[in-house]
Amino acid sequence: MELVLALRRAGVTDPDVVATMERVPREAFVPEAFQDKSYQDITLPIGHHQTLSQPAVVGLMTEALELDDRKKVLEVGTGSGYQTAILSPLCRRVYSIERHAPLLEEAEKRFEKLRIRNVTTKVGDGTLGWDAQAPFERIIVTAAAADVPPILADQLSPGGIMIVPIGLTDDFQTILKVVKTDHGLETEELRDVNFVPLIPEEATGT
Ligand code: SAH
């Protein structure tokens with residue numbers, strides 16, 4: 001299957017991540033017009049100028065989170081809900097924030113249909129995190145930020161891991177793995193990527 005090959009090429013080896021990505025139907029998250037491209041390793045448009053991430057990148061970011069069934073995860077940028085659906089069986093609970101209400105509504109319908117029950121969502125600015133539910137053992141941001149969002153770093157548990165794409169221009173974007181240690185934040189670059197920007201609420205437009 002093309003998806004599994006793409007994951008292998010990207011160096012994703014965690015058997016639980018690979019099995020979950022094989023099981024979750026990506027076509028359920030892809031708009032009608034692109035159904036035939038559901039299992040290609042490409043980003044796909046989901047409306048509101050947003051995109052569904054490429055499977056290899058979803059796999060890489062998920063693997064880098066080092067999940068298990070005790071982890072509480074914050075996701076910023078629900079989008080289609082595909083990444084959320086991959087996180088769901090690999091952790092205890094996902095708290096997911098999306099700034100576009102119509103996108104979130106669609107995503108919630110998909111969760112219902114696929115019987116995904118351990119996901120709590122809200123519409124809002126994910127750069128502010130989710131104070132009432134903090135701290136989180138894991139945080140995943142699926143839109144590119146200029147830098148590690150400081151409030152999200154505050155809401156990360158000691159020893160916690162945050163995966164965030166950094167860089168707002170096409171020529172410089174990378175996935176950062178941030179680990180919260182006793183000595184502060186330790187960062188490691190995972191690989192170059194292409195994400196739509198993370199937009200704080202005070203910004204205008206889409
Ligand atoms: N993970 C998604 C794709 C993400 S596209 C999927 O699997 O489909 C990035 C998403 O982040 C978009 O839906 C965009 O609206 C959202 N986003 C951008 N800035 C945000 C912010 N500050 N808070 C919450 N969501 C944001």
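The questions and answers below deal with a predicted model, its ligand and its empty spaces. Local features need pLDDT of at least 70, side-chain atom pairs count only at pLDDT 80 or more, and totals for chains, interfaces and linings use all residues. Residues are numbered from 1 along each chain as its sequence is written, and side-chain values use heavy atoms, with hydrogens and water left out.

Q: What makes a residue one of the 25 that surround the ligand?
A: A residue is near a molecule if one of its heavy atoms lies within 4 Å of it. In this model 25 residues surround the ligand, and the closest are Ser80, Glu98, Asp125, Gly126 and Ile199.

Q: Why does the pair between the ligand and the side chain of Glu98 count as a polar contact?
A: A polar contact is a pair of N or O atoms within 3.5 Å; within protein, one must be able to donate a hydrogen and the other to accept it, and residues adjacent in sequence count only if both atoms are side-chain atoms. An oxygen atom of the ligand is 2.6 Å from an N or O atom in the Glu98 side chain, so the pair qualifies.

Q: What makes Asp125 and Arg99 polar contacts of the ligand?
A: A side-chain N or O atom of Asp125 is 2.9 Å from a nitrogen atom of the ligand. For Arg99 a backbone N or O atom lies 3.3 Å from a ligand nitrogen. Both distances are within the limit, so both pairs count.

Q: How much of the ligand's accessible area does the protein cover?
A: On its own the ligand has 580 Å² of accessible area, and the protein covers 100% of that (Shrake-Rupley method, 1.4 Å probe).

Q: What makes the space in this structure a cavity, and how many are there of 30 Å³ or more?
A: On a 1 Å grid over the protein atoms alone, a cavity is a set of points where a 1.4 Å probe fits but cannot get out; lining residues have an atom within 4 Å of a point. The structure holds one of 30 Å³ or more. The largest cavity has a volume of about 340 Å³, the space filled by probe spheres set on points joined across faces, edges and corners. Of its 28 lining residues, the closest to its centre are Gly77, Gly79, Glu98, Thr142 and Ala143. The space taken by the ligand is this largest cavity.

Q: Which elements each supply at least two residues of the cavity lining?
A: They are S2, H4 and S4, with the largest share, three residues, coming from S2. Helices (H or I, at least four residues) and strands (E, at least two) are DSSP runs, numbered from the N terminus.

Q: What is the volume of the largest pocket, and what makes a space a pocket?
A: A pocket is an open set with protein on both sides within 12 Å along at least five of seven lines. The largest pocket has a volume of about 170 Å³. Its lining consists of Glu27, Ala28, Glu106, Lys109, Arg110, Lys113 and Leu114.

Q: Why is the peptide bond from Ala134 to Pro135 called cis?
A: Its omega is near 0°. Pro135 lies in the loop between strand S5 (119-123) and strand S6 (136-141).

Notes: Sits in = over half its atoms within 2 Å of the grid points.
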